[in-house]
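This report concerns covalent and charged links between side chains in a protein model. Please keep the sequence and the structure in view while reading.

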Amino acid sequence: MKLTVLTVNLHKGFGFLNRRFILHELREAVRAVSADVVFLQEVLGEHELHAARVPTWPQTPHYEFLADSLWSDFAYGRNAVYPQGHHGNALLSKFAITRHVNHDVSIDGPERRGLLHSVLRLEDGRSLHAICVHLGLRESHRRHQVERLCQLINSLPMDEPVIVAGDFNDWRQRAHKMLSRCAGLAEVFVKAYGAAARTFPSRWPLLPLDRIYVRGASVQNPIVLPRQPWSHLSDHAPLAAEIRL
């Protein structure tokens, strides 16, 4: 069975330097990829201040606005909560989401981070585990969060495929060996090209912060996305891949 996955940090729907609200453009770009499963980070669930002053602000949460009619199912994991609203990770799926849980992996301090674990029912009846990740900025925090991710993956049935994707903030690339050793995960771009894809900043990508990891997949083919329009839609470049299960 073949499916396409996409991961992108939405930057809360605002463009580079937060100067312009571009969620409508982001929706068109995401739809153009036509992925079966979309992993989203920094998704606004609610923001009263922006909703009051931005004329084109959607009436629905951003993940629901993006899903529209193309993705029948979606899940949202609220991570950061503040007086005006909240944001977190989300998953859009063309397959039924049978259940989802947002695991809080925040460490002491202001950063709120989560692992959104969704279980999808594939067309052949199998279960696929999709885990949307946004890890912390501090390396010590990321190390603990990767350990929590390993614990989660090791609790899943070995005969059910797993896809983990998102913003790892792992600019030193320490997570590859940890996730391979403790959870049997392989990163799609590392396996294909020998190195993780550079995704940050999107206009001049230098750091490989975003990843797509798999377990229980026979073939993983990276998909090269065009530089435009993505370079001005977020501070992170998106990643996409074709996965055969």
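The sections below treat the annotated domain, the cysteines, the salt bridges and two individual residues.

**Model and annotated domain**

The model is predicted. An unreviewed UniProt entry lists residues 24-236 as "domain: Endonuclease/exonuclease/phosphatase". In the model, this span is 25% helix and 35% strand, and its end C-alpha atoms lie 17 Å apart.

**Cysteines**

One disulfide is found in a search of the whole structure. Its partners are Cys150 and Cys182, whose sulfur atoms are 1.7 Å apart. Because Cys150 belongs to helix α4 (residues 139-154) and Cys182 to helix α5 (residues 175-183), the pair ties together parts that are 32 residues apart in sequence. Cys150 is buried, at a relative accessible area of 4%, whereas Cys182 is partly exposed, at 26%.

Why does Cys132 form no bond with the closest cysteine sulfur? The closest cysteine sulfur, in Cys150, is 17 Å from that of Cys132, which is too far for a bond; a disulfide requires sulfur atoms within 2.5 Å. Cys132 is buried, with 0% relative accessibility.

**Salt bridges**

Side chains of opposite charge can pair when their charged atoms come close. The whole structure contains 12 salt bridges according to the search. Among them are the pairs in the following table.

| Pair | Closest N to O distance | Relative accessibility |
|---|---|---|
| Arg20 and Glu25 | 2.7 Å | Arg20 45%, Glu25 32% |
| Asp68 and Arg27 | 4.0 Å | Asp68 43%, Arg27 17% |
| Asp104 and Arg112 | 3.6 Å | Asp104 46%, Arg112 36% |

Arg20 is partly exposed, as is Glu25. Asp104 is likewise partly exposed, and so is Arg112. In addition, a network of salt bridges links Lys2, Glu242 and Arg244.

**Asp68 and its arginine partners**

Asp68 lies in the loop between α3 (62-67) and β3 (73-82). The salt bridge of Asp68 with Arg27 has its closest N and O atoms 4.0 Å apart. This pair links distant parts of the chain, since Arg27 is in helix α1 (residues 23-33), 41 residues from Asp68. Asp68 is partly exposed, whereas Arg27 is buried.

Which residues does Asp68 touch, not counting residues up to four places away in sequence? They are Arg27 and Arg31. With Arg31, the side chain of Asp68 makes a polar contact of 3.2 Å. Trp171, by contrast, is 103 residues from Asp68 in sequence, and their C-alpha atoms are 33 Å apart in space.

**Arg142, a buried charge without a salt bridge**

Arg142 is part of helix α4, the helix that also holds Cys150. What is the nearest side chain of opposite charge to Arg142, and how far away is it? It is Glu139, at 4.3 Å. A salt bridge requires the nitrogen and the carboxyl oxygen to be within 4 Å, and Arg142 has none although it is buried.

The side chain of Arg142 does reach the backbone oxygen of Asn169, at 3.1 Å. Leaving aside neighbours within four places in sequence, Arg142 is in contact with Leu135, Gly136 and Leu137, as well as with Phe168, Asn169, Asp170 and Trp171.

Methods
Residues numbered from 1 in each chain as written. Predicted model: local features only at pLDDT ≥ 70, side-chain atom pairs only at ≥ 80, totals over all residues. Heavy atoms only, no water. Helix = DSSP H or I, 4+ residues; strand = E, 2+ residues; numbered from the N terminus. Buried < 20%, exposed > 50% of the residue type's maximum accessible area, 1.4 Å probe, protein only. Lys, Arg positive; Asp, Glu negative; His and termini not counted. Polar contact = N/O pair within 3.5 Å; in protein donor to acceptor, adjacent residues only side chain to side chain. Contact = heavy atoms within 4.5 Å. UniProt positions renumbered as here; feature names shortened; annotations may be inferred.
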